[in-house]
Amino acid sequence: MKKFEEIEHHYDQLKILWLNYWKEEVVFTYQWLIMVLILILPFFLWWMLVDKRRIIEISLVGLFTSGIAFILDQVGTSLRYWIYPYTLTYLERDLWLPANFSVIPFFYMMIYQWFPKWQKYILAIVVFAFFASFVGESIFKWLGIYKVLKWEHIYSVPFYIIIGVFVKMVLQKFISIEKEHGNGF
């Protein structure tokens, strides 16, 4: 138990250090303001573009992808593959919430909406995976928001693809179950 108390003490010190860093060097910087925009803007775009006749189905895509992105981000930061020197709040030291809960779900929802057939959907997901991995991640790296420690952009590509395929498969299964029971979309 003595080791745990020592860990707890260091963790408390780290929390204080992180809070001071965040207050003095993060909040209201241009990176922080960009993250605020990245969090808010996709919601407005989504509301303008979403097919409101399928809003529940499309929203589930966003919910699933944001949950998966959050979990994968947690794993990646915990394994120290990457870190986020800039965060919206001091509470989210290792997670980049604007991407996980706004940008990534937005793109998956739009792809799901615009490409209902599997062949075109897969192609769109692959294009998105390469774009997000090489362009998106590079821009955030250049801005200093995202810092790679033991990761290469190419490693992200299969994860983006798998997320897209998994979410569409799950939703199609849910829709078929619902239709079977008389409440189809």
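Which side chain meets that of arginine 53 in a salt bridge? The partner is aspartate 51, at 3.1 Å from N to O. Before going further, a few words on the model are useful.

This is a predicted model, in which local features need pLDDT of at least 70 and side-chain atom pairs count only at pLDDT 80 or more, while totals for chains, interfaces and linings use all residues. Residues are numbered from 1 along each chain as its sequence is written, and side-chain values use heavy atoms, with hydrogens and water left out.

## The chain as a whole

The protein chain holds 6 helices and 2 strands. Here helices (H or I, at least four residues) and strands (E, at least two) are DSSP runs, numbered from the N terminus. Walking along the sequence, you will meet them in the order α-α-α-β-α-α-β-α. The C-alpha trace spans about 60 × 40 × 30 Å along its principal axes. Of the 185 residues in the chain, 39% are buried. Buried stands for under 20% relative accessible area, exposed for over 50%, and partly exposed for what lies in between (1.4 Å probe, protein chains only).

## Salt bridges

Side chains of opposite charge can pair when their charged atoms come close. A salt bridge is counted when a side-chain nitrogen of Lys or Arg is within 4 Å of a carboxyl oxygen of Asp or Glu, and by this rule there are 2 salt bridges. The table sets out both.

| Basic residue | Acidic residue | N to O distance |
|---|---|---|
| Arginine 53 | Aspartate 51 | 3.1 Å |
| Arginine 54 | Glutamate 57 | 3.4 Å |

Arginine 53 sits in the loop between α2 (30–49) and α3. With a relative accessible area of 76%, arginine 53 is exposed, whereas its partner aspartate 51 is buried at 17%. In the other pair, arginine 54 is partly exposed at 22% and glutamate 57 is buried at 7%. For a sense of distance, the C-alpha atoms of arginine 53 and methionine 1 lie 56 Å apart, with their positions 52 residues apart along the chain.

## Helix α3 and its crossings

How do the axes of helix α3 (residues 55–78) and helix α4 (residues 97–114) cross? They come within 8 Å and cross at roughly 140°, which makes α3 oblique to α4. The axes are lines fitted to C-alpha atoms, for helices over the stretch in contact, and the angles run from 0 to 180 degrees between N-to-C directions. Angles under 35 degrees count as roughly parallel, over 145 as roughly antiparallel, 65 to 115 as roughly perpendicular, and the rest as oblique.

Helix α3 also meets α6: the two axes come within 10 Å and cross at roughly 140°, so α3 and α6 are oblique to each other. The crossing of α3 with α4 is right-handed, and the crossing of α3 with α6 is right-handed too. A crossing is right-handed if the near helix is turned clockwise from the far one by less than a right angle, and left-handed if anticlockwise.

Valine 75 belongs to helix α3 and is partly exposed, with a relative accessible area of 41%. Its C-alpha atom is separated by 27 Å from that of tyrosine 30, which is 45 residues away along the chain.

## A nonpolar surface patch

Phe130, Phe131, Phe134, Val135, Ile139, Ile154 and Tyr155 form a nonpolar patch on the surface, with about 610 Å² of accessible area together. The elements that give two or more residues to this patch are α5 (118–143) and α6 (153–180), and α5 gives the most, with 5 residues. Patches are made of residues with over 30% relative accessible area and no salt bridge, where like charges are joined within 9 Å and nonpolar side chains (Val, Leu, Ile, Met, Phe, Trp, Tyr) within 5 Å. Areas come from the Shrake-Rupley method with a 1.4 Å probe, and for residues only the protein chains shown count as cover. One member, tyrosine 155, is found in helix α6 and is partly exposed at 41% relative accessible area.

## Two loop residues with positive phi

Most residues other than glycine have a negative phi. Phenylalanine 28 has a phi near 70°; it lies in the loop between α1 (2–25) and α2 and is exposed at 62%. Arginine 80 has a phi of about 65°; its place is in the loop between α3 and β1 (82–83), and arginine 80 is partly exposed at 40%.
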